[in-house]
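Please work through the exercises below with the sequence and the model open side by side. Each one sets a task and then solves it step by step.

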Amino acid sequence: MKRRVRLVERFLSLLLVFLAAIARLSAGSLAYSGKSATAFRVADRIVVDGSLGEWNKQSPILVDQKEQVIHDEGQWTGADDCGVKAYVMWDEGSVYLAAEIMDDTPFMYREGFPPDLADSLVLHIGVNPDADPDRAAYEAEDFRLTMVIDDYYFNTGIDRGMVEDKKGYESRGEDGDEQVLDGYECAVAEIDGGYVFECVIPLGNFANDQIPALIPQAGMSVGMEISMFDLDFPCPGVANARIAWSANADIDVNPGLWGSVTFAD
Ligand SMILES: [Ca+2]
Ligand SMILES: [Ca+2]
C-alpha cells in the first residue's frame with residue numbers, strides 16, 4: 001500500500017513538473033501583446049500582382065476597430081476610412097505581406113512626404129526568434145519598416161532612431177523619396193472601397209555583418225506588428241490617423257507591445 005502511495009506521489013509530482021513546463025510554453029507564445037497570427041509557408045510561389053488567389057487567408061490580422069486607432073483618433077471615421085485585413089506568408093528567404101485595405105481616399109502621397117506622413121503600412125519585425133517576448137526596449141534585431149502606398153513609387157523607410165545598440169544598421173529613407181529595400185516587389189489593385197496590396201520583402205534587408213538574417217522555420221515565432229497611417233488630405237501633417245493591430249501607441253518604443261506571428265507549413 002505504501003509503495004502504491006509513493007508511486008502516486010511520484011506520478012503527481014511529475015505531473016506538476018509537466019504542467020509547469022506547459023504553462024511556461026504557453027506563457028511564451030502568449031507574450032507580446034497577446035495578438036497572434038499564423039504565417040503560412042508559400043506553397044508554390046507568390047505572384048506579386050495585387051491578386052491574392054495563391055494566398056492562405058486562414059489567419060487574418062485585423063486592424064479595423066475604433067479602439068485600435070492610436071494617433072489622430074478624431075480623424076478616423078470608421079473601417080471604411082481606414083481598415084486593414086493583413087496576411088503574412090514566408091519562405092526561407094522572404095516574408096510576404098498582403099492586405100485588403102479599405103480607404104475612402106487611397107494613395108495619398110506626394111514626393112517629399114516622410115513615410116509617416118503619407119498613406120503607409122508599418123511593419124515591425126523582430127528578426128531574432130530567441131529575443132525575450134517581454135523586452136521593453138528595442139534591440140538591434142528589432143526593425144520598423146514603413147511602406148508608402150501610392151500607386152507608382154512605393155518608397156520605403158527604416159527607422160532605427162529607437163534602437164540604442166544599432167549594430168551598424170542606421171535609419172534609411174526617413175525623409176521619403178527613397179527605396180531602401182533590395183528585392184522589394186509590390187503591387188496594388190483597386191477594389192470597391194479600397195485596394196489590395198501585395199508585396200515580398202527579402203529578409204536580407206533586416207541583416208548586416210552583425211545581424212544575422214532571419215531564416216523562418218515552421219514552429220518558430222517572432223514579434224511582429226502591423227499598423228497603418230491614413231492621410232486623408234493632400235497635405236502632410238494636417239491629420240494622419242494611425243491604426244494598429246495591438247492597439248497600443250507605444251509600439252514604436254516598446255517591442256513587448258507588438259503582436260506575434262508563428263510560422264507554419
Ligand atoms: Ca498574387
Ligand atoms: Ca482614409
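The exercises that follow concern a predicted model, and they go from the overall fold to metal sites, charged pairs and backbone angles.

**Exercise 1. Describe the secondary structure of the protein and state what share of its residues is buried.**

Solution. Begin with the elements: the protein has 1 helix and 13 strands. Next, read them along the sequence, where the pattern is α-β-β-β-β-β-β-β-β-β-β-β-β-β. Finally, turn to burial, where buried residues make up 48% of the 265 residues.

**Exercise 2. Find the residues that coordinate the calcium ion (ligand 1), and work out where Ser51 and Glu198 lie in the chain.**

Solution. First list the donors, which are Val47 (O), Asp49 (OD), Ser51 (O), Glu54 (OE), Glu54 (OE), Glu198 (OE) and Glu198 (OE), at 2.2 to 2.9 Å. Then write their spacing along the chain, which is V-x1-D-x1-S-x2-E-x143-E. The pair Ser51 and Glu198 links distant parts of the chain, since Ser51 sits in the loop between β1 (36-41) and β2 (61-63) while Glu198 belongs to strand β10 (residues 194-202), 147 residues apart. As a last step, compare accessibility: Ser51 counts as partly exposed at 38%, whereas Glu198 counts as buried at 0%.

**Exercise 3. Do the same for the calcium ion (ligand 2), and decide whether Asp103 is buried or exposed.**

Solution. The protein donors here are Asp81 (O), Asp81 (OD), Asp103 (OD), Asp104 (OD), Asp230 (OD), Asp230 (OD) and Asp232 (OD), which lie 2.3 to 2.8 Å from the ion. Their spacing in sequence is D-x21-D-D-x125-D-x1-D. Asp103 has a relative accessible area of 2% and is therefore buried, while Asp104, with 45%, is partly exposed.

**Exercise 4. Examine the salt bridges of Glu92 and of Lys57, and place each partner in the chain.**

Solution. The count comes to 8 salt bridges. In one of them Glu92 pairs with Arg41, with the closest N and O atoms 3.3 Å apart; this pair links distant parts of the chain, as Glu92 lies in the loop between β4 and β5 (94-102) and Arg41 in strand β1, 51 residues apart. Glu92 is partly exposed at 41% relative accessible area, and Arg41 is partly exposed at 31%.

Now take Lys57, whose side chain meets that of Glu100 in a salt bridge at 2.8 Å, N to O. Because Lys57 lies in the loop between β1 and β2 and Glu100 in strand β5, the pair ties together parts that are 43 residues apart in sequence. Burial means a relative accessible area under 20%, so Glu100, at 19%, counts as buried, whereas Lys57, at 37%, is partly exposed.

**Exercise 5. Identify which residues gather with Asp177 in a patch of charge, and examine the phi angles of Asp177 and Asp72.**

Solution. Glu111, Glu174, Asp175, Asp177 and Glu178 gather in a patch of negative charge on the surface. Asp177 is found in the loop between β8 (156-158) and β9 (185-191), and with 45% relative accessible area it is partly exposed. For the backbone, recall that most residues other than glycine have a negative phi. Asp177, although not a glycine, has a positive phi of about 60°. Asp72, also not a glycine, has a positive phi of about 50°; Asp72 is placed in the loop between β3 (69-71) and β4 (83-90) and counts as partly exposed at 27% relative accessibility.

Definitions and conventions: Residues numbered from 1 in each chain as written. Chains lettered and ligands numbered in written order. Predicted model: local features only at pLDDT ≥ 70, side-chain atom pairs only at ≥ 80, totals over all residues. Heavy atoms only, no water. Donors = N, O, S within 2.8 Å, 3.2 Å for Na, K, Ca; no water. Helix = DSSP H or I, 4+ residues; strand = E, 2+ residues; numbered from the N terminus. Buried < 20%, exposed > 50% of the residue type's maximum accessible area, 1.4 Å probe, protein only. Patch = residues over 30% accessible without salt bridge, like charges linked within 9 Å, V, L, I, M, F, W, Y side chains within 5 Å. Areas by Shrake-Rupley, 256 points an atom, 1.4 Å probe, with all protein chains shown as cover. Salt bridge = Lys/Arg side-chain N within 4 Å of Asp/Glu carboxyl O. Lys, Arg positive; Asp, Glu negative; His and termini not counted. Charge placed at Lys NZ, Arg CZ, Asp CG, Glu CD.
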